[in-house]
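Q: Could you take a close look at one part of this model, the place where the two chains come together, and explain it for someone who has not seen the structure before?

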Amino acid sequence: MASTKMKIKKSKGGGYEVMVLAKHPMETGLRKDKKTGEKVPAHFIQTMEFALNGETVAQANLGAGVSKNPLIGISIPSAKSGDTVTVSWVDNKGESDSAEKAVK
Amino acid sequence: MKRRIFLKGSLAAGTLAVAAGAGLLTPTRVLASTWPKAAFESKTEADALNAFFGTSEVEQGDQVSIKAPLQAENGAVVPIKVMTSLEGVEAIAIITIKNPSPYTTSLQVAGAGGLYSTRIKMGQTSPVNCYVKAGGKLYLASQEIKVTVGGCGG
């Protein structure tokens, strides 16, 4: 499922910035479906884990207050060319996805 | 030990008993942390700060900076970037004061740098308070963002 994309950009002071775009509705549970009039149930990413060469370096905690299709950015000062960055997320329904990219 | 504590969903090092009682130290993989439910469900900033950081006491200073628009074109997608050059960053949290649930999102840091960027929903014009916990202390930068069309999907 290619619903999670990652971009790795070299930072000015060394290290790298990692941007992740995850395709996800991030429903608050308050919005009404225009056709049925029913409230669309809450459905949002809860945790997003970032790892460098298999070791977790950060975890983002998201809620329904984060915009649809979350665009999340962190920095990894210790990352260097040849390293691998992995991101994996889980939502409140237990659905998940992940992406992996090499640092150039 | 401290790393293990804050990676288990609570940054209140030294309050193990309270944390365990509140279900914050549930057995998880060491490198995975539980979603901070109490913080996300808090209705006030103070409650959210205490739930997530274990404190709401803030240091004076300008060690934290925010890059965000003064006016949001679209309240459903407001870009926020929090940066700090502080050493020993443990966590970053974004609190949207006037949102129904002020605690919007956070980043727990265990090797990454002092940067967190995201896009948030804002229901109305509100101060956005960005907190950074580093070296055991809490720092803050705040910016008011004007919203003409709210983005909570109502």
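A: What follows is a walk through the meeting of the two chains, and then through the sheets that they share.

The model is a predicted one, and in it 30 residues of chain A are in contact with 31 residues of chain B. On the side of chain A that touches chain B, at least two residues each come from strand E3 (45-52), strand E4 (55-62) and strand E5 (71-76) of chain A. The strand that gives the most to this side is E4(A), with eight residues. Sorted by class, the side of chain A that touches chain B holds 14 nonpolar, 13 polar and three charged residues.

Two of these strands, E4(A) and E5(A), also belong to sheets that contain strands of both chains.

Consider E4(A) to begin with. It lies in an open sheet of nine strands with mixed pairing, whose order is E7(A)-E6(A)-E3(A)-E4(A)-E5(B)-E4(B)-E7(B)-E8(B)-E2(B). At the edges of this sheet stand strand E7 (96-102) of chain A and strand E2 (71-72) of chain B, each with a single partner strand, so one side of each is left without a neighbour in the sheet. The crossing from one chain to the other is made where E4(A) and E5(B) pair in the antiparallel sense, over five bridges. Within that pairing, A:Gln59 has B:Gln108 of E5(B) as its bridge partner.

On its other side, E5(B) is joined to E4(B) by five bridges, and these two strands run antiparallel. E4(B) and E5(B) form a hairpin with six residues between them, and B:Ile94 stands opposite B:Thr105 in E5(B). Why can E5(B) be described as largely enclosed by the rest of the structure? Seven of the seven residues of E5(B) are buried, so the description follows from that count.

Further along the sheet, strand E4 (residues 89-96) of chain B pairs with strand E7 (residues 126-134) of chain B, in the antiparallel sense and over seven bridges. There, B:Val89 stands opposite B:Ala134 in E7(B). Helix H4 (residues 45-53) of chain B packs on the sheet, where it touches E4, strand E5 (103-109), E7 and strand E8 (137-147) of chain B, and the direction of the helix makes about 160 degrees with that of E4(B).

Now turn to E5(A), which lies in an open sheet of six strands with antiparallel pairing, in the order E1(A)-E2(A)-E5(A)-E6(B)-E3(B)-E1(B). The edge strands here are strand E1 (4-10) of chain A and strand E1 (64-67) of chain B, each of which pairs on one side only. On average, and with direction ignored, neighbouring strands of this sheet are turned by 15 degrees against each other.

In this sheet the chains are linked by two bridges that join E5(A) to strand E6 (residues 115-120) of chain B, and the two strands run antiparallel. A:Gly73 stands opposite B:Ser117 in E6(B), and A:Met19 in turn stands opposite A:Gly73 in E5(A). The second of these pairs belongs with the partnership of strand E2 (residues 16-22) of chain A and E5(A), which pair in the antiparallel sense over six bridges.

One residue in the loop between E4 and E5 of chain A deserves a remark, namely A:Asn69. Its phi is near 55 degrees, a positive value in a residue other than glycine. A:Asn69 is partly exposed, because 14 other C-beta atoms lie within 10 Å.

Terms used. Residues are numbered from 1 along each chain as its sequence is written. Chains are lettered from A and ligands numbered from 1 in the order in which they are written. This is a predicted model: local features need pLDDT of at least 70, side-chain atom pairs count only at pLDDT 80 or more; totals for chains, interfaces and linings use all residues. Two residues are in contact if their C-beta atoms, placed from the backbone, lie within 7 Å. Helices (H or I, at least four residues) and strands (E, at least two) are DSSP runs, numbered from the N terminus. Ala, Val, Leu, Ile, Met, Phe, Trp, Tyr, Cys and Pro count as nonpolar, Asp, Glu, Lys and Arg as charged, and the others, Gly among them, as polar. Two strands pair if DSSP finds at least two bridges between them. Axes are lines fitted to C-alpha atoms, for helices over the stretch in contact, and angles run from 0 to 180 degrees between N-to-C directions. A residue is buried if 20 or more other C-beta atoms lie within 10 Å of its own, exposed if 12 or fewer, and partly exposed in between; C-beta atoms are placed from the backbone.
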